[in-house]
Amino acid sequence: MIMFNKAVMSSLDFPFPMFLTTYHMALSTVMTQILASTSTWLPGVTEGKVNVQVMQKQILPVSLFFAVSLVLSNKAYIYLSVSYIQMLKAFTPVAVLIFSSLMGLEKPTFAELAIVVVICVGVALTSAGEAAFSMIGFTFQSLAILFESSRLVLTNILLKSLKLDPLSSLFYIAPMCSFFIGISFFVFEYDHLPWERLSEPSFLVMLAANGCVAFTLNVAVVMLISHTSALILTLAGIFKDILLVVLSVMIFASPVTPLQVFGYAVALAGLNLHKEYKKNPTKVMGWLKMGGE
């Protein structure tokens with residue numbers, strides 16, 4: 001999805017992230033509405049688990065944070081390379097841990113805080129080594145990480161408290177998310193949108209494929225959170241991030257400096273250590289004690 005969006009906005013010269021994300025959420029809205037009417041795959045909708053109070057206090061914040069994170073992250077791809085953005089995303093588990101702690105979902109130990117410091121140092125080194133650094137892009141991506149981390153934590157709380165199935169949660173979140181992003185699209189992009197491009201058959205086929213991938217990804221993310229946690233989701237993305245960095249260098253010829261490689265290696269080591277710590281704290285504490293001797 002990331003490579004697809006980058007190709008659409010950069011390679012195909014269509015730098016309209018708000019239009020793209022509005023379209024993604026609108027398609028998810030249509031798809032979940034159809035499934036709710038024609039199948040039994042959305043028990044949370046048929047059972048009426050979501051009332052007006054839940055919409056206001058839980059669905060609305062998740063949708064708003066989701067909308068903002070989508071717009072900001074896609075905006076960042078206009079200014080930064082895919083490889084550098086993936087390196088910055090190594091900080092996401094740290095942000096998720098912080099917000100999870102504030103919400104009472106996680107209780108970080110001293111060992112976890114030490115691992116967080118390692119990850120932060122690694123991310124800082126990748127930024128220092130970035131050859132085509134853009135403060136605007138960096139700001140967009142940093143804010144996107146904060147909003148996305150908040151959204152993941154709130155989604156985790158929503159799914160666990162209401163016991164909503166993944167498709168039902170998307171049924172309620174997608175329309176509001178589409179509405180929020182749609183407002184931004186009409187304010188910032190509508191007057192500049194090349195409407196003639198949208199009449200080209202080849203471009204429409206590409207948009208259809210892009211939307212299908214986005215819908216599948218949205219369902220997959222919510223399914224993973226519902227069965228695990230927001231923190232596990234971010235830690236599970238380590239392999240994906242490495243693959244994206246490699247593909248970005250191969251496909252888009254994104255420059256990567258030796259300092260960035262070293263910094264990213266440090267951040268990934270911290271992420272792997274954190275993942276192992278979540279599975280077996282005693283084992284990792286033993287490693288740390290051995291290293292300190």
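How many helices and how many strands does the secondary structure of the chain come to? The chain has 14 helices and zero strands. The model shown here is predicted, and the tour below proceeds from the whole chain to individual side chains.

**The whole chain**

Display the full chain as a cartoon and follow it along the sequence: the pattern reads α-α-α-α-α-α-α-α-α-α-α-α-α-α. Next, colour the residues by relative accessibility. Of the 293 residues, 48% count as buried. Switch to a surface representation; the chain exposes about 13800 Å², and carbon and sulfur atoms supply 72% of that area. If contacts are drawn, consider those with a separation of 6 or more: residues 24 or more positions apart account for 87% of them.

**Helix 13**

Select residues 258-279, which form helix 13. The 22 residues of this helix should span 32 Å at 1.5 Å a residue, and the end C-alpha atoms are 32 Å apart, so the expected and computed spans agree. Now show side chains within the helix. Which residues of helix 13 are buried? They are Gln-260, Gly-263, Tyr-264, Ala-267, Leu-268, Gly-270, Leu-271, His-274 and Tyr-277.

**A nonpolar patch**

Return to the surface and select Ile-98, Leu-102, Met-103 and Leu-105, which together make a nonpolar surface patch of about 400 Å². Centre the view on Leu-105, which lies in the loop between helix 6 (92-102) and helix 7 (110-128). Leu-105 counts as partly exposed because its relative accessibility is 39%.

**Salt bridges**

The count of salt bridges comes to three, and each can be visited in turn.

- Select Glu-47 and Lys-49. Their closest N and O atoms are 3.7 Å apart, and the pair forms a salt bridge. Glu-47 is exposed, with a relative accessible area of 52%, while Lys-49 is partly exposed at 29% relative accessibility.
- Move to Glu-148 and Arg-151, a salt bridge whose closest N and O atoms are 2.7 Å apart. Both residues belong to helix 8 (residues 135-162) and stand three residues apart, about one turn of the helix. Is Arg-151 buried or exposed? Arg-151 is buried, with a relative accessible area of 6%; Glu-148 is partly exposed, with a value of 21%.
- Finish with Glu-200 and Arg-197, where a salt bridge has its closest N and O atoms 3.9 Å apart. Glu-200 is partly exposed, with a relative accessible area of 33%. Arg-197 has 17% relative accessibility and therefore counts as buried, the limit for that class being under 20%.

**Cysteines**

The last stop concerns sulfur atoms. How many disulfides does a search of the whole structure find? The search finds zero disulfides. A disulfide is a covalent bond between the sulfur atoms of two cysteines. Select Cys-177, which is buried with a relative accessible area of 0%. Then select Cys-212, which is partly exposed with a relative accessible area of 48%.

Notes: Residues are numbered from 1 along each chain as its sequence is written. This is a predicted model: local features need pLDDT of at least 70, side-chain atom pairs count only at pLDDT 80 or more; totals for chains, interfaces and linings use all residues. Side-chain values use heavy atoms; hydrogens and water are left out. A salt bridge is a side-chain nitrogen of Lys or Arg within 4 Å of a carboxyl oxygen of Asp or Glu. Buried means under 20% relative accessible area, exposed over 50%, partly exposed in between (1.4 Å probe, protein chains only). Helices (H or I, at least four residues) and strands (E, at least two) are DSSP runs, numbered from the N terminus. Patches are made of residues with over 30% relative accessible area and no salt bridge: like charges are joined within 9 Å, nonpolar side chains (Val, Leu, Ile, Met, Phe, Trp, Tyr) within 5 Å. Accessible areas come from the Shrake-Rupley method with a 1.4 Å probe; for residues, only the protein chains shown count as cover. A disulfide is a pair of cysteine sulfur atoms within 2.5 Å. The expected span of a helix is 1.5 Å times one less than its number of residues. Contact means heavy atoms within 4.5 Å.
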